[in-house]
Amino acid sequence: MIGRTKEGSLLRLFYPTDAKELPQDESQWTRWYLGDSYSRGLGKFVAPWFLQGTFAWLLNWQTRYSLVPSAWCSNLLSGDKKLPVVVFSHGLGANRSMYSSVCCQLASHGFVVAALEHRDGSACSSFTLNEEGEKEWLEFELHKPGDKQIVLRSKQIGIRVKECQSTLTIMERLNSGGVENELKNAFDIRQLIGRLDLSRPIIAGHSFGGCAAINTQLQDKRFKLCVALDPWLFPMKDSVELCSKMEKHVLCVSTDTFQTPENLEAMSHLPSQLTSFVTIKGTVHQNQADTPFLLGTAGRLIGGTNSKLDHSLAMEINNALMMAFIHSHHGLPKGLSDEYGERWDAFVAEHQSKLVYGLYGTARKMIGWNKTGL
């Protein structure tokens with residue numbers, strides 16, 4: 001946390017280390033679970049009011065001891081190699097921990113990923129700190145019945161873009177030094193001084209975060225590449241024509257049961273010569289987040305996150321598409337051989353039968369466009 005107020009930034013930092021294996025002591029692994037407030041916020045987002053408490057209890061029970069396969073507060077990769085930066089924006093009702101499967105993949109190949117937690121009311125929960133250092137909680141903001149949803153979402157997308165821009169500014173400050181982390185832990189942020197390659201940062205995100213990534217790329221020329229996972233473009237439906245002004249390369253990786261004709265039409269405004277559209281067949285929206293790994297078979301069926309394609313393979317394909325795209329346009333971090341780029345290309349080639357190129361989707365309803373959901 002840089003700054004204690006909403007004007008500051010709260011993020012989870014994923015970065016490469018020297019370690020070749022995870023610690024044998026699992027207490028040194030990263031905890032996925034962020035607390036009861038986050039579970040209650042997720043319940044508020046996905047469940048009807050009379051089941052929200054039950055859902056939160058079940059989520060606490062299922063995820064309280066869940067671990068991310070990464071070493072908590074381990075030292076940064078040694079040496080003087082510059083590490084490229086990715087800013088990642090989460091989806092509606094998510095948080096800074098929800099995309100560990102994606103962020104760990106990037107970090108393990110030399111990227112420093114700043115997974116920010118939005119304070120615009122779209123995260124399942126978040127917090128600031130008061131003068132005494134106590135947490136003050138920010139709850140998930142529901143769309144009020146009778147109000148036009150676009151009013152809330154367009155306001156939130158504006159805040160999200162500013163938060164993404166602010167996060168990149170904070171990464172610049174971390175690189176130059178003199179920044180204090182308000183959340184005390186064992187990681188010395190001074191390790192980042194002079195280690196970040198800020199010449200070509202990447203903006204990425206999922207769903208609402210995909211929309212935020214596209215909008216941020218349009219407004220902030222510091223970002224050189226954009227990765228939008230299953231972008232939900234309803235929040236910018238009144239300004240979607242701005243997508244045609246995109247000047248940087250964009251990758252849109254979609255799941256086939258999320259995208260609708262209305263959303264695909266909005267996505268079509270992105271310049272075809274700069275945008276790569278690809279859909280992973282047999283997938284659902286949550287295949288690009290950690291959710292399917294946390295819930296178990298029964299939980300996936302109940303929670304609507306069960307997919308025809310195995311969820312582990314779906315995530316591998318998603319990450320391979322992302323890494324191949326980045327390698328194609330940016331290369332990989334200095335010191336990593338070209339064999340990694342070739343590996344991603346080969347993996348994507350191996351699974352061509354599971355991919356559809358171009359704009360594609362099989363869904364008929366989506367939040368906002370069809371007056372469904374929140």
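User: Which residues does UniProt list for "active site"?
Analyst: The entry is unreviewed. Its positions are given here in the numbering of this structure, feature names are shortened, and annotations may be inferred rather than shown by experiment. The listed residues are Ser-207, Asp-230 and His-285.

User: Why can Ser-207, Asp-230 and His-285 be said to gather at one spot?
Analyst: In sequence they span 79 residues. In space they gather at one spot, because no two of their C-alpha atoms are more than 8.2 Å apart.

User: What kind of model is this?
Analyst: Residues are numbered from 1 along each chain as its sequence is written, and side-chain values use heavy atoms, with hydrogens and water left out. Local features need pLDDT of at least 70, side-chain atom pairs count only at pLDDT 80 or more, and totals for chains, interfaces and linings use all residues, in what is a predicted model.

User: Is Ser-207 buried or exposed?
Analyst: Ser-207 sits in the loop between strand 8 (196–206) and helix 5 (208–219). Helices (H or I, at least four residues) and strands (E, at least two) are DSSP runs, numbered from the N terminus. Buried means under 20% relative accessible area, exposed over 50%, partly exposed in between (1.4 Å probe, protein chains only). With 7% relative accessibility, Ser-207 is buried.

User: Near what value is the phi of Ser-207?
Analyst: Ser-207 is a residue other than glycine, yet its phi is positive. The phi of Ser-207 is near 60°.

User: Which side chain makes a polar contact of 2.4 Å with that of Asp-230?
Analyst: Asp-230 lies in the loop between strand 9 (225–229) and strand 10 (250–255), and at 0% relative accessibility it counts as buried. A polar contact is a pair of N or O atoms within 3.5 Å; within protein, one must be able to donate a hydrogen and the other to accept it, and residues adjacent in sequence count only if both atoms are side-chain atoms. The partner of Asp-230 at 2.4 Å is Thr-255.

User: Which residues does His-285 touch, not counting residues up to four places away in sequence?
Analyst: His-285 belongs to the loop between strand 11 (275–280) and helix 7 (291–303). It is buried, at 15% relative accessible area. Contact means heavy atoms within 4.5 Å. Not counting residues up to four places away in sequence, His-285 touches His-206, Ser-207, Asp-230, Thr-255, Thr-257 and Phe-258.

User: How much space lies in the largest pocket?
Analyst: On a 1 Å grid over the protein atoms alone, a cavity is a set of points where a 1.4 Å probe fits but cannot get out, and a pocket is an open set with protein on both sides within 12 Å along at least five of seven lines; lining residues have an atom within 4 Å of a point. Points are joined across faces, edges and corners, and a volume is the space filled by probe spheres set on them. For the largest pocket, that space is about 1500 Å³.

User: Which residues lie nearest the centre of the largest pocket?
Analyst: The lining holds 50 residues. Strand 1 (11–14), strand 2 (29–31), strand 3 (67–71) and helix 3 (100–108) each supply at least two of them. Nearest the centre are Leu-13, Phe-14, Tyr-15, Ser-70 and Ala-71.

User: How many charged residues are in the lining of the largest pocket?
Analyst: Ala, Val, Leu, Ile, Met, Phe, Trp, Tyr, Cys and Pro count as nonpolar, Asp, Glu, Lys and Arg as charged, and the others, Gly among them, as polar. The lining has 30 nonpolar and eleven polar residues. Its charged residues number nine.

User: Which helix gives the largest share of the lining of the largest cavity?
Analyst: The structure has four cavities of 30 Å³ or more, and the largest holds about 50 Å³ of space. Its lining divides into five nonpolar, five polar and no charged residues. The largest share, three residues, comes from helix 1 (residues 36–46).

User: Which residues of helix 3 are buried?
Analyst: The buried residues of helix 3 pack against elements including strand 1, strand 3 and helix 8 (311–330). After helix 3 comes Gly-110, with a positive phi near 100°. The buried residues are Ser-100, Val-102, Cys-103, Cys-104, Leu-106 and Ala-107.

User: Is Glu-247 buried or exposed?
Analyst: Glu-247 is in the loop between strand 9 and strand 10. It touches Lys-221 and Leu-274, not counting residues up to four places away in sequence. With a relative accessible area of 55%, Glu-247 is exposed.
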